[in-house]
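Work through the exercises below with the sequence and the 3D view open. Try each task before you read its solution.

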Amino acid sequence: MTSSQKLLQQRRVLITGAARGLGEAFARSCVQAGAKVVLADVAAERGQALAAELGAAAHFVVMDVASKLSVQAGMQEAVQWLGGLDGLINNAAITNSGGRVLGEIEEDMFDRVMQVNIKGVWLVTNAAHPYLKAAASNGSAASVLNIASDTALWGAPRLIAYVASKGAVISMTRSMARELGADGISVNAIAPGLVVSESTEYVPQARHDQYLEGRAIKREQQPSDCTDAALFFLSAGAGFVTGQVLPVNGGYVMN
Ligand SMILES: NC(=O)c1ccc[n+]([C@@H]2O[C@H](COP(=O)([O-])OP(=O)(O)OC[C@H]3O[C@@H](n4cnc5c(N)ncnc54)[C@H](O)[C@@H]3O)[C@@H](O)[C@H]2O)c1
C-alpha cells in the first residue's frame with residue numbers, strides 16, 4: 001500500500017445489522033476507508049436511507065440473518081452489486097432479554113437470541129464462504145470479522161442469553177478460523193465493551209458507572225471507538241492474523 005492509498009481501497013465488504021449503531025459506524029468508516037459496502041439489515045427504511053446518504057459506494061439489501069432463505073437472497077444481491085466479496089462483518093445481534101435474571105427470560109426470547117446471534121453468524125458466513133474463497137484464490141486477503149462482546153469475557157449478569165450467544169460467537173470464531181484458513185480466509189472477532197448507543201439506552205446507570213470505574217481508560221465508549229479495530233481486521237495487511245478475539249473496551253477486561 002502506498003501512502004496515497006486508503007486502507008480498504010477496492011475491498012468489497014458486507015456488513016450485517018448495518019442500519020444503526022455499531023453497524024452504521026462500521027459502514028461509515030469502511031466507505032471512508034475506500035471500500036464498497038453492502039449494508040444488510042431487517043430495518044429496510046433506515047438501512048436504505050443510510051446507504052443513500054453514504055452514496056455510490058454503498059448499497060442496502062434486506063436480510064434476516066436468522067433465515068436461510070433471506071440470507072441466500074440477500075447474499076446473492078450483495079455479491080452481484082459488489083462484484084465479489086473480500087470482507088464480511090457479522091454484526092447483527094439482539095439483546096431482547098437484557099436486564100432480566102434467569103427466571104424472567106421467556107423461552108421464545110432465549111431461542112430468538114440464539115437464532116439471530118449464533119445461527120445468524122453461521123448462516124451468513126456459510127453463504128459468504130464461496131465468494132470469500134474465490135477472492136482469496138485471486139490473491140485478495142479475504143476476511144470475516146465477528147462482533148462479540150466483552151460481557152462474554154467477564155460474565156455479565158442480567159444478560160444470560162446474550163452472554164451465552166456471544167460466548168458462542170467467540171468459540172465459532174476460533175473454529176471458523178481453522179476451517180476457513182485452508183481457503184486463505186482469516187476469521188477474527190472484536191469484543192466491544194458497553195457502548196453508548198440506542199441499543200443500550202435501557203442499561204441502568206449503575207452498569208455504566210461499573211464500566212467507567214473498571215476501565216483503564218475512564219470515559220464512555222462510543223461506536224467510533226470500535227471502527228479502526230474493525231478496519232484493521234478487514235485490511236489486506238492483516239491477512240495472517242486469525243482466530244483472535246480483541247477486546248475493544250478501554251481495558252475493562254484484559255485478554
Ligand atoms: N452497543 C453495545 O454496547 C455493544 C457492546 C458489545 C457488543 N455489541 C455488539 O455490537 C453489534 C451491534 O450492536 P448495536 O448496539 O449497534 O445494536 P443495535 O440494536 O443498535 O443494531 C443492531 C442492528 O441489527 C439489526 N438486526 C437485528 N436483528 C436482525 C436480523 N435478524 N437480521 C438482520 N439484522 C438484524 C437491527 O435492525 C439493527 O439495525 C452486536 O453484535 C452487539 O452484540 C454491542
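**Exercise 1: The ligand shell**

Sort the residues of the shell around the ligand into nonpolar, polar and charged.

Solution. The shell divides into 15 nonpolar, nine polar and four charged residues. Here Ala, Val, Leu, Ile, Met, Phe, Trp, Tyr, Cys and Pro count as nonpolar, Asp, Glu, Lys and Arg as charged, and the others, Gly among them, as polar. Next, take the total: 28 residues surround the ligand. A residue is near the ligand if its C-beta atom, placed from the backbone, lies within 6 Å of it. The closest are Gly 17, Gly 21, Ala 93, Val 195 and Ser 199. Last, helix 1 (residues 21–32) gives the largest share of the shell, three residues. Helices (H or I, at least four residues) and strands (E, at least two) are DSSP runs, numbered from the N terminus.

Before you go on: this is a predicted model, where local features need pLDDT of at least 70, side-chain atom pairs count only at pLDDT 80 or more, and totals for chains, interfaces and linings use all residues. Residues are numbered from 1 along each chain as its sequence is written.

**Exercise 2: The sheet**

Find the strand order and name the edge strands.

Solution. The sheet is open and has seven strands. Their order is 3-2-1-4-5-6-7, with parallel pairing. Two strands pair if DSSP finds at least two bridges between them. Strand 3 (58–62) and strand 7 (245–248) are the edges, as each pairs on one side only. From one strand to the next, the twist averages 20 degrees. Axes are lines fitted to C-alpha atoms, for helices over the stretch in contact, and angles run from 0 to 180 degrees between N-to-C directions.

**Exercise 3: Strand 2 and its neighbours**

Is strand 2 mostly covered or uncovered? Trace its partners, too.

Solution. Six of its six residues are buried, and strand 2 is mostly covered. Buried means that 20 or more other C-beta atoms lie within 10 Å of the residue's own, all placed from the backbone. Lys 36, Val 38 and Ala 40 point one way, and Val 37, Leu 39 and Asp 41 the other way. In a regular strand the side chains alternate between the two faces of the sheet.

Now the partners. Strand 1 (residues 12–16) and strand 2 (residues 36–41) pair in the parallel sense over five bridges. Leu 14 stands opposite Val 38, and Val 13 has Val 37 as its bridge partner. Five bridges also join strand 2 to strand 3 in parallel. There, Ala 40 has Val 61 as its bridge partner.

Notes. Buried ≥ 20, exposed ≤ 12 C-beta atoms within 10 Å, placed from the backbone.
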